[in-house]
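This note sets out several points for a reader who is new to protein structures. Please keep the sequence and the model in view while reading.

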Amino acid sequence: MSSVNDCIFCKIIAGELPSEKVYEDNDHIAFKDIMPKAPVHYLVVPKAHSPRLDEMAKDNGTEALGHMLNAVVKTAAANGLSDYRVAVNVGPKAGQVVFHTHVHILSGWSGMARDVR
Ligand code: 5GP
Ligand code: ZN
């Protein structure tokens, strides 16, 4: 499990690694996923490091959870998304591979999302 020092998303936040930014506020950054699983695939990432959603409230305070979801809505609106799916993988068995809490925004399907899952 990565620490702040070797965390890929901390490096993106610090500008040490490139990303295609789609939204930013004081506490969050959102950028395009490097291996998109939908026509539109963004990651909304709190700037404060925490490894996973269930540890985030402990590390950064309960209100950080609400702020992160608000940043998700702002990211979608700022990029003209009307219909989108929001997902968080919590733990390796759920598919989490980057241990810096983040929310996936998936969108851009031409038909119904349930048909292209
Ligand atoms: P997880 O499976 O941990 O919920 O999601 C991690 C996501 O981060 C994956 O969808 C993966 O494609 C994306 N990702 C991993 N490394 C990078 C990177 O260096 N840049 C960007 N933009 N996305 C990354
Ligand atoms: Zn980090």
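With which side chain does the side chain of His102 make a polar contact? The first point gives the answer, and the later points turn to the neighbouring residue and the ligand.

1. The model is a predicted one, and the distances below should be read accordingly. In this model the partner of the His102 side chain is the side chain of His104, and the polar contact between them spans 3.5 Å. The His102 side chain also reaches the backbone oxygen of His100, at 2.7 Å.

2. His102 is placed in the loop between strand 4 and strand 5. Is His102 buried or exposed? Its relative accessibility is 7%, and His102 therefore counts as buried, since the cut-off for that class is under 20%.

3. Thr101 is likewise found in the loop that joins strand 4 (84-87) to strand 5 (103-107). With a relative accessibility of 2%, Thr101 counts as buried because this value is under 20%. The student may also locate Lys47: its C-alpha atom is 9.5 Å from that of Thr101, although 54 residues separate the two along the chain.

4. The next matter is the surroundings of ligand 1. There are 17 residues around this ligand, and those that come nearest are Asp33, Lys37, Gly95, Val97 and His104. His104 is thus one of the nearest residues to ligand 1 and also the partner of His102 in the polar contact described above.

5. What classes of residue make up the shell around ligand 1? Nine of its residues are nonpolar, five are polar and three are charged. Helix 1 (8-13) and strand 2 (28-32) each contribute at least two residues to this shell. The largest share, three residues, is supplied by helix 1.

6. Several polar atoms of the protein can be matched with atoms of ligand 1. An oxygen atom of the ligand lies 2.5 Å from an N or O atom in the Asp33 side chain. A nitrogen atom of the ligand is 2.9 Å from a polar backbone atom of Lys32. In the case of Asn89, a polar side-chain atom is found 2.9 Å from an oxygen atom of ligand 1. Taken alone, the ligand exposes 520 Å², of which the protein buries 87%.

7. Where, finally, does ligand 1 sit among the pockets? The space that ligand 1 takes is the largest pocket. A student inspecting the model could begin there and then follow His104, one of the residues nearest the ligand, to its polar contact with His102.

Key. Residues numbered from 1 in each chain as written. Chains lettered and ligands numbered in written order. Predicted model: local features only at pLDDT ≥ 70, side-chain atom pairs only at ≥ 80, totals over all residues. Heavy atoms only, no water. Near = heavy atom within 4 Å. Polar contact = N/O pair within 3.5 Å; in protein donor to acceptor, adjacent residues only side chain to side chain. Areas by Shrake-Rupley, 256 points an atom, 1.4 Å probe, with all protein chains shown as cover. 1 Å grid on protein atoms, 1.4 Å probe; cavity = no way out; pocket = protein on both sides within 12 Å on 5 of 7 lines; lining within 4 Å. Sits in = over half its atoms within 2 Å of the grid points. Helix = DSSP H or I, 4+ residues; strand = E, 2+ residues; numbered from the N terminus. Nonpolar A, V, L, I, M, F, W, Y, C, P; charged D, E, K, R; others polar. Buried < 20%, exposed > 50% of the residue type's maximum accessible area, 1.4 Å probe, protein only.
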